[in-house]
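This note is for a colleague who is opening the structure for the first time. Please read the numbered points with the model on screen.

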Amino acid sequence: MLDFRSDTVTRPSPEMRKAMANAEVGDDVYGDDPTVNSLQAYAADRLGFEAALFTPTGTQANLLAIMSHCGRGEEYLCGQSAHNYRYEGGGAAVLGSVQPQPIENEADGSIDLEKARKAIKADDFHFAMTRLLSLENTIGGKVLSLDYQNRARAFCDDYQLRLHLDGARIFNAAVASGCDVTAITGCYDSVSVCLSKGLGAPVGSLLLGDAAFIGRAIRLRKMLGGAMRQAGVLAAAARIALEQGPFRLHEDHANAAYLAAGLAEVPALEIDPSLTQTNIVYARCRSGRAAELKKALAAQGILITAGDPIRFVTHLDVDRAAVDQLLAAIKQFYRQS
């Protein structure tokens, strides 16, 4: 089975499975799981923060960040297309009583900082108090420029806002930007990082920030049911993902660019290959037959997400040969239909 639905479908390597089986563990709720502690210390040092917290999911990491920065009845600014606004069950509002103030994303995934300025509420008891700006990198596979992120940092300093990054694919962003990841993380008060996407861990994300912020997040993680016991079994694989995963992401980007170029040769699909920056490719089916294509590909052991547009994601479990197989199957489908 070839799975192009998401990079969340990656399977742990034999090295990860061995590390999980042999992991030294303790009770992480008491703070004495040595493998978790080692992962968190390594992550904080690698990404340039005082502290880090291992969480079961990226959704929880983002929620912890928002709730740690904002109190009940306060608000955060975010993109209309942001994952923590659209795809995380409204958790900030439902569980944190924190109001989201969405702003339409620009074509490059950024938020117009002038629009953000106008969205900041006045210090008036009629309004929720604006506390946080949340960005996402990458967003829909698009990479925020370093210049923009530095301007966002200055903007937040000017208006006394905290700045959070949903960095689920931050290492993809770093690879595409040609920089070390700390050039990105240095702009933010907090960052979430997903370990179970392109980096290849089976489970887990990280939240990073200063020590006081992570202290608040630890309390909230317990309240939200995210405190795990012998979590070192998971942290062992996560450590390998964090140490080794970033070094092969350029392969996923190259395969995505190759896929985009191949899809551009199919007249029934609408795609601009130049918009593919990392490992996510979007193409529209001109005839509106995405669901039929999905069914035909599934019959050949190939899985895709048949939205409008169709999204294809490359990752460590699909190599160049797999991309060729996908392209051949798509071209065959349109020739026969």
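Is Gln 160 buried or exposed?

1. Gln 160 is exposed, since its relative accessible area is 64% and a value over 50% counts as exposed. The model under discussion is a predicted one. Gln 160 sits in the loop between α7 and β6. Its backbone also deserves attention: phi is positive, about 55 degrees, although Gln 160 is not a glycine.

2. Ser 97 is another residue other than glycine with a positive phi, here near 55 degrees. Ser 97 belongs to the loop between α5 (91-96) and β4 (99-103). With a relative accessibility of 27%, Ser 97 is classed as partly exposed. A positive phi is likewise found at Gly 178, near 70 degrees, and this glycine follows α8.

3. Two cis peptide bonds should be inspected. Asn 137 and Thr 138 are joined by a cis peptide bond with omega of about 5 degrees, and Thr 138 lies in the loop between β5 (129-136) and α7 (146-158). Asp 308 and Pro 309 are also joined by a cis peptide bond, with omega of about 10 degrees. Pro 309 is placed in the loop between β11 (302-303) and β12 (310-313).

4. On the charged side chains, a search of the whole structure yields 20 salt bridges. One of them pairs Arg 229 with Asp 27, with 3.1 Å between the closest N and O atoms. This pair links distant parts of the chain, as the partners are 202 residues apart. Arg 229 is in the loop between α10 (211-223) and α11 (232-244), and Asp 27 is in the loop between α1 (14-21) and α2 (34-47). The partners can be compared by exposure: Arg 229 is partly exposed at 39% relative accessible area, whereas Asp 27 is buried at 15%.

5. A further salt bridge joins the side chains of Arg 239 and Glu 243, with an N to O distance of 2.8 Å. Both residues belong to helix α11, and because they are four residues apart, about one helical turn separates them. Arg 239 is partly exposed, at 22% relative accessibility. Glu 243 is partly exposed as well, with a relative accessible area of 29%.

6. Lys 331 and Glu 265 form a salt bridge through their side chains, at 3.1 Å from N to O. Lys 331 is in helix α14 (residues 320-336) and Glu 265 is in the loop between α12 (249-263) and β9 (269-270), so the bridge ties together parts that are 66 residues apart in sequence. Lys 331 is partly exposed, at 26%, while Glu 265 is exposed, at 56%. Elsewhere, Arg 153, Asp 157, Arg 162 and Asp 189 are joined into one network by salt bridges that share partners.

7. How do α1 and α11 pack, and at what angle? Their axes are 7 Å apart and make an angle of about 145 degrees; the crossing is right-handed. On the α1 side, the contact involves Glu 15, Met 16, Ala 19 and Met 20. These meet Val 233, Leu 234, Ala 236, Ala 237, Ile 240, Ala 241 and Gln 244 of α11. By class, the residues of this contact are nine nonpolar, one polar and one charged.

8. Helix α8 (residues 170-177) has as its buried residues Ile 170, Phe 171, Asn 172, Ala 173 and Ala 174. These buried residues pack against α2, β6 (162-167), α9 (182-185), β7 (190-194), α11 and α12. The list of partners thus includes both helices and strands.

9. Gln 60, in helix α3 (residues 58-69), is buried, with a relative accessibility of 10%. Leaving aside residues up to four places away in sequence, Gln 60 touches Thr 55, Arg 221, Leu 224, Gly 225 and Gly 226.

10. Finally, the annotation. An unreviewed UniProt entry places the feature "domain: Aromatic amino acid beta-eliminating lyase/threonine aldolase" at residues 3-284. In the model, this span is 41% helix and 17% strand, and its end C-alpha atoms lie 19 Å apart.

Definitions and conventions:
Residues numbered from 1 in each chain as written. Predicted model: local features only at pLDDT ≥ 70, side-chain atom pairs only at ≥ 80, totals over all residues. Heavy atoms only, no water. Salt bridge = Lys/Arg side-chain N within 4 Å of Asp/Glu carboxyl O. Helix = DSSP H or I, 4+ residues; strand = E, 2+ residues; numbered from the N terminus. Buried < 20%, exposed > 50% of the residue type's maximum accessible area, 1.4 Å probe, protein only. Axes fitted to C-alpha atoms, helices over the stretch in contact; angles between N-to-C directions. Left-handed = near helix turned anticlockwise from the far one by under 90°. Contact = heavy atoms within 4.5 Å. Nonpolar A, V, L, I, M, F, W, Y, C, P; charged D, E, K, R; others polar. UniProt positions renumbered as here; feature names shortened; annotations may be inferred.
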